[in-house]
Amino acid sequence: MDGEFVSKTKRKQQMLELQALGAALLELAPSQLDAIGLDDELARALREAHAISSHEARRRQLQYIGKLMRTVDPEPIRAAIAAVTGNSAAARARQRRLEQWRARLIEDDAALTAFASEVPGGHTDLQALRALIRNARREIAENRPPRAQRELFRLLRQSFEETA
């Protein structure tokens, strides 16, 4: 023991927090779990929990995952979950930046030149980008659903991910 007294209530609260963190990991897709880089035993337990359909068996598996979580540092896992789910400050800033670029491109023709210079290496198909901008402007003018605007956002996100 490290000399510091921890009450039973506090230990139980910490255990339940780790179990909740394990449940949050269980909500992620298997590809997202692989990206986090978990301990082998913990990753195996999470894969097994995905296959369990019985409520009681799933509850017991979550308790086991919580027990395994006590042996790992939870902070990197919390940060990875926040980054994957888009709750981190960096993910929100990236989202906001992409939304600003989309708005600038729809509003101003000169913004395309600025965008092309900011994304090095010519990773973006400028012709497809122009077509999406034109279609997004038409959607806004005709008050139609934002299909091209969403596609424009996806293309912008893809362009910035390729340069990162």
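1. In this predicted model, Glu151 and Arg154 are joined by a salt bridge in which the closest N and O atoms are 2.8 Å apart. Both residues belong to helix H9, which covers residues 147–163, and because they are three residues apart in that helix, about one helical turn separates them. Glu151 is partly exposed, with a relative accessible area of 37%, and Arg154 is likewise classed as partly exposed, at 40% relative accessibility.

2. Helix H9 also carries Ser159, whose surroundings may be read beside those of the pair just described. Ser159 is buried, with a relative accessible area of 2%, and a polar atom of the Ser159 side chain lies 2.9 Å from the backbone oxygen of Leu155. Since buried means a relative accessible area under 20%, the value of 2% places Ser159 in that class.

3. Asn143 is found in the loop between helix H8 (126–142) and H9, and a new reader may wish to look at its backbone. Although Asn143 is not a glycine, the residue has a positive phi of about 55°. Asn143 is exposed, its relative accessible area being 72%.

4. How many salt bridges does a search of the whole structure find? The search gives six, and one of them, besides the pair in H9, links Arg78 with Glu75, where the closest N and O atoms are 2.7 Å apart. Arg78 and Glu75 lie three residues apart in helix H5 (residues 74–85), so that about one helical turn separates them. At 30% relative accessibility Arg78 counts as partly exposed, and Glu75, at 46%, is also partly exposed.

5. In helix H4, attention may turn to a group of charged side chains. Glu56, Arg59 and Arg60 are linked in a network of salt bridges, within which the side chains of Glu56 and Arg60 meet at 3.9 Å, N to O. Glu56 and Arg60 are four residues apart in H4, which spans residues 55–69, and therefore about one helical turn lies between them. Glu56 is partly exposed at 34% relative accessibility, and Arg60 is partly exposed with a relative accessible area of 46%.

6. The remaining member of that network, Arg59, is also placed in helix H4, and its side chain makes a polar contact of 2.4 Å with the side chain of Glu56. Arg59 counts as partly exposed, at 34% relative accessibility. As a guide to its position in the overall fold, the C-alpha atoms of Arg59 and Ala90, which are 31 residues apart along the chain, are separated by 33 Å.

7. Is Gln61, another residue of helix H4, buried or exposed? Gln61 counts as buried, because its relative accessibility is 12% and the cut-off for that class is under 20%. When neighbours within four places in sequence are left aside, Gln61 is in contact with Ala45, Glu48, Ala49 and Ile52.

8. The packing of helix H1 (residues 8–27) with helix H3 (residues 40–51) deserves a separate point. The axes of H1 and H3 come within 10 Å and cross at roughly 65°, and the crossing in which H1 passes H3 is right-handed. On the H1 side the residues are Gly22, Leu25 and Leu26, and these meet Leu42, Leu46, Ala49 and His50 in H3. The residues of this contact divide into five nonpolar and two polar, with no charged residue.

9. Which residues does Leu46, found in helix H3, touch once those up to four places away in sequence are not counted? Leu46 touches Gly22, Leu25, Leu26, Leu33, Leu38 and Ile65, and among these Gly22, Leu25 and Leu26 are the H1 residues that take part in the contact with H3. At 0% relative accessibility, Leu46 counts as buried. Leu46 and Leu68 are 22 residues apart in sequence, and their C-alpha atoms are 10 Å apart in space.

Notes
Residues numbered from 1 in each chain as written. Predicted model: local features only at pLDDT ≥ 70, side-chain atom pairs only at ≥ 80, totals over all residues. Heavy atoms only, no water. Salt bridge = Lys/Arg side-chain N within 4 Å of Asp/Glu carboxyl O. Helix = DSSP H or I, 4+ residues; strand = E, 2+ residues; numbered from the N terminus. Buried < 20%, exposed > 50% of the residue type's maximum accessible area, 1.4 Å probe, protein only. Axes fitted to C-alpha atoms, helices over the stretch in contact; angles between N-to-C directions. Left-handed = near helix turned anticlockwise from the far one by under 90°. Contact = heavy atoms within 4.5 Å. Nonpolar A, V, L, I, M, F, W, Y, C, P; charged D, E, K, R; others polar. Polar contact = N/O pair within 3.5 Å; in protein donor to acceptor, adjacent residues only side chain to side chain.
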